[in-house]
Amino acid sequence: MIALAELGWEVSGIDITDKAIVAARALFARHGVRGELAVADATKWVPPQRYDLVTNTFALPATREAQAQVFATARAALAPGGTLLLKDFDPSMRAQHPAFEHYHLPSVEELVADFGELEIVRAEVVETPIHDHARKHVQGEPRWTAAFLHARRAGR
Ligand SMILES: C[S@@+](CC[C@H](N)C(=O)[O-])C[C@H]1O[C@@H](n2cnc3c(N)ncnc32)[C@H](O)[C@@H]1O
């Protein structure tokens, strides 16, 4: 978001925790850029406008039902001609980290089916860097993977 704001985009972001928004506001200030940042729950948030780019990375809730609500929010936020980028841990990660036992991890196929009305530009499993805080839970240097979706809404 910082990089986009530096390029002149008008950016908006939400997070369910006050802590994340306070940190994001500080980061925006440090970079001298502006952003519309608010505490909100993506499962319920009603977008005040439509956006040319909607993105959610590693921020999906735990259950399939709650994820469907976030996807509905993303759909409502996406402008005609807009781009959707989604990335989150894929089902193969269940074997890699104990915390994932209680999470619904979406597969690429599931994301493609969930956004079947959009033009799918790219949908694949991608390698993703291991988070520092997770290293203590894993052995060696495992390969972490995520389901990635790049889709586009028709229009304009
Ligand atoms: C692992 S961090 C990901 C941060 C960043 N997007 C990234 O890719 O590194 C997940 C963030 O999603 C937020 N989050 C989880 N569920 C949410 C929800 N329902 N609505 C809004 N934010 C949520 C958490 O508070 C947390 O700040």
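Asp41 meets the ligand through its side chain: an N or O atom there is 2.9 Å from a nitrogen atom of the ligand. Keep in mind that this is a predicted model.

Two further contacts are worth finding. The side chain of Asp15 has an N or O atom 2.6 Å from an oxygen atom of the ligand. Ile16 works through its backbone instead: a polar atom there is 3.0 Å from a nitrogen atom of the ligand. How much of the ligand does the protein bury? On its own, the ligand exposes 600 Å², and the protein buries 60% of that area.

Now look at the whole shell. Asp15, Ile16, Thr17 and Ala20 are part of it, and so are Ala40, Asp41 and Ala42. Thr57, Phe58 and Ala59 complete the list. By type, six of the shell residues are nonpolar, two are polar and two are charged. The site they surround is the largest pocket, where the ligand sits.

Next, step back to the chain. Its domain assignment gives domain 1, residues 1–40, and domain 2, residues 43–152. Their centres, taken over C-alpha atoms, are 20 Å apart. Which domains supply the shell around the ligand? Domain 1 and domain 2 each give at least three residues to the shell.

Definitions and conventions:
Residues are numbered from 1 along each chain as its sequence is written. This is a predicted model: local features need pLDDT of at least 70, side-chain atom pairs count only at pLDDT 80 or more; totals for chains, interfaces and linings use all residues. Side-chain values use heavy atoms; hydrogens and water are left out. A residue is near a molecule or strand if one of its heavy atoms lies within 4 Å of it. A polar contact is a pair of N or O atoms within 3.5 Å; within protein, one must be able to donate a hydrogen and the other to accept it, and residues adjacent in sequence count only if both atoms are side-chain atoms. Accessible areas come from the Shrake-Rupley method with a 1.4 Å probe; for residues, only the protein chains shown count as cover. On a 1 Å grid over the protein atoms alone, a cavity is a set of points where a 1.4 Å probe fits but cannot get out, and a pocket is an open set with protein on both sides within 12 Å along at least five of seven lines; lining residues have an atom within 4 Å of a point. A molecule sits in a cavity or pocket if more than half of its atoms lie within 2 Å of its grid points. Ala, Val, Leu, Ile, Met, Phe, Trp, Tyr, Cys and Pro count as nonpolar, Asp, Glu, Lys and Arg as charged, and the others, Gly among them, as polar. Domain bounds come from an automatic or database domain assignment.
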